[in-house]
Amino acid sequence: MVPTTSLLLLLSLALLAPGLSADQCVLTGRWTNDLGSNMTIGAVNSKGEFNGTYHTAVTATTNETALSPSPLMGTQHSKTQPTFGFTVNWNFTDSTTVFTGQCFVDEHGKEILKTMWLLRSHVNSIDDDWKATRVGTNTFTRLP
């Protein structure tokens with residue numbers, strides 16, 4: 001009976017271990033994504049709220065204010081590898097982007113943000129509503 005119990009315990013631990021991570025993924029800091037855009041996320045308060053800035057490398061405008069960072073604000077859940085969401089209020093256009101994602105720590109201890117976003121552009125007519133929202137994904141890694 002003891003060998004069976006030990007075997008079941010060992011099997012249970014082996015099945016549960018991949019879902020456990022001792023490494024904490026922290027949103028606060030500087031990040032870059034796969035398109036070269038950068039963001040800085042400030043301290044997360046006790047309610048999970050944070051502010052920061054987003055500097056896009058991808059824009060169709062030549063407006064000089066596109067060269068300056070746009071404000072972002074968001075929230076996160078307090079977990080080891082938290083889910084989060086934030087909104088970027090672009091300072092050079094009448095568009096808004098919302099990001100949602102999760103902060104992961106990979107097998108090498110590297111923090112990675114996996115996100116999906118919706119970009120809503122301003123249109124002048126409800127007839128143009130069909131072309132006003134874009135969707136995409138980004139992977140962010142921590143900047144030194």
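**Core, surface and salt bridges of the predicted chain**

Cys25 is a good place to begin: with a relative accessible area of 1%, this residue is buried. The model described here is a predicted one. Cys25 sits in the loop between helix H1 (2-16) and S1. Its C-alpha atom is separated by 5.8 Å from that of Cys103, although the two residues are 78 apart along the chain. Setting aside neighbours within four places in sequence, the contacts of Cys25 are Thr80, Gln81, Pro82, Cys103, Phe104, Val105 and Glu111.

A step back to the whole chain helps to place this residue. The protein chain has one helix and eight strands, and from the N terminus on these elements run α-β-β-β-β-β-β-β-β. Of its 144 residues, 28% count as buried. Contacts across the sequence can also be summarised: among those between residues at least 6 apart, 39% join residues at least 24 apart. The accessible surface comes to about 9,500 Å², and carbon and sulfur atoms account for 60% of this area.

Next comes the interior. The largest nonpolar core has 20 residues, and the members that touch the most others are Met39, Tyr54, Phe86 and Leu113. Two or more residues of this core come from each of strand S2 (38-41), strand S3 (49-55), strand S5 (83-89), strand S6 (96-105) and strand S7 (111-120). For Leu113, the residues touched, not counting those up to four places away in sequence, are Leu27, Trp31, Met39, Phe84, Gln102, Cys103, Asn138, Thr139 and Phe140. Cys103 thus appears among the contacts of Leu113 and also among those of Cys25.

A polar residue is found in the interior too. Asn33 lies in strand S1 (residues 29-33) and counts as buried because its relative accessible area is 8%, under the 20% cut-off. Its side chain is joined to that of Tyr54 by a polar contact of 3.1 Å. Beyond neighbours within four places in sequence, Asn33 is in contact with Tyr54, Asn138, Thr139 and Phe140. Asn138, Thr139 and Phe140 are also touched by Leu113.

Charged pairs follow. Side chains of opposite charge can pair when their charged atoms come close. A search of the whole structure finds two salt bridges. One is formed by Glu111 and Arg142, with the closest N and O atoms 2.6 Å apart. This pair links distant parts of the chain, since Glu111 is in strand S7 and Arg142 in strand S8 (residues 133-142), 31 residues apart. Glu111 is buried, with a relative accessible area of 15%, whereas Arg142 is partly exposed at 30%. Glu111 is also one of the contacts of Cys25. The other salt bridge joins Arg120 and Asp129, and here the closest N and O atoms are 2.6 Å apart. Arg120 is partly exposed, with a relative accessible area of 37%, and Asp129 counts as partly exposed at 37% as well.

The surface carries a nonpolar feature as well. Val98, Met116, Leu118 and Val135 form a nonpolar patch there, with about 340 Å² of accessible area together. Within this patch, Leu118 belongs to strand S7. Its relative accessibility of 40% falls between the 20% and 50% cut-offs, so Leu118 counts as partly exposed. Strand S7 therefore contributes to several parts of this picture: it gives residues to the largest nonpolar core, holds Glu111 of a salt bridge, and includes the partly exposed Leu118.

Conventions:
Residues are numbered from 1 along each chain as its sequence is written. This is a predicted model: local features need pLDDT of at least 70, side-chain atom pairs count only at pLDDT 80 or more; totals for chains, interfaces and linings use all residues. Side-chain values use heavy atoms; hydrogens and water are left out. A nonpolar core is a set of buried Ala, Val, Leu, Ile, Met, Phe, Trp, Tyr and Cys residues joined through side-chain atoms within 4.5 Å. Buried means under 20% relative accessible area, exposed over 50%, partly exposed in between (1.4 Å probe, protein chains only). Helices (H or I, at least four residues) and strands (E, at least two) are DSSP runs, numbered from the N terminus. Contact means heavy atoms within 4.5 Å. Patches are made of residues with over 30% relative accessible area and no salt bridge: like charges are joined within 9 Å, nonpolar side chains (Val, Leu, Ile, Met, Phe, Trp, Tyr) within 5 Å. Accessible areas come from the Shrake-Rupley method with a 1.4 Å probe; for residues, only the protein chains shown count as cover. A salt bridge is a side-chain nitrogen of Lys or Arg within 4 Å of a carboxyl oxygen of Asp or Glu. A polar contact is a pair of N or O atoms within 3.5 Å; within protein, one must be able to donate a hydrogen and the other to accept it, and residues adjacent in sequence count only if both atoms are side-chain atoms.
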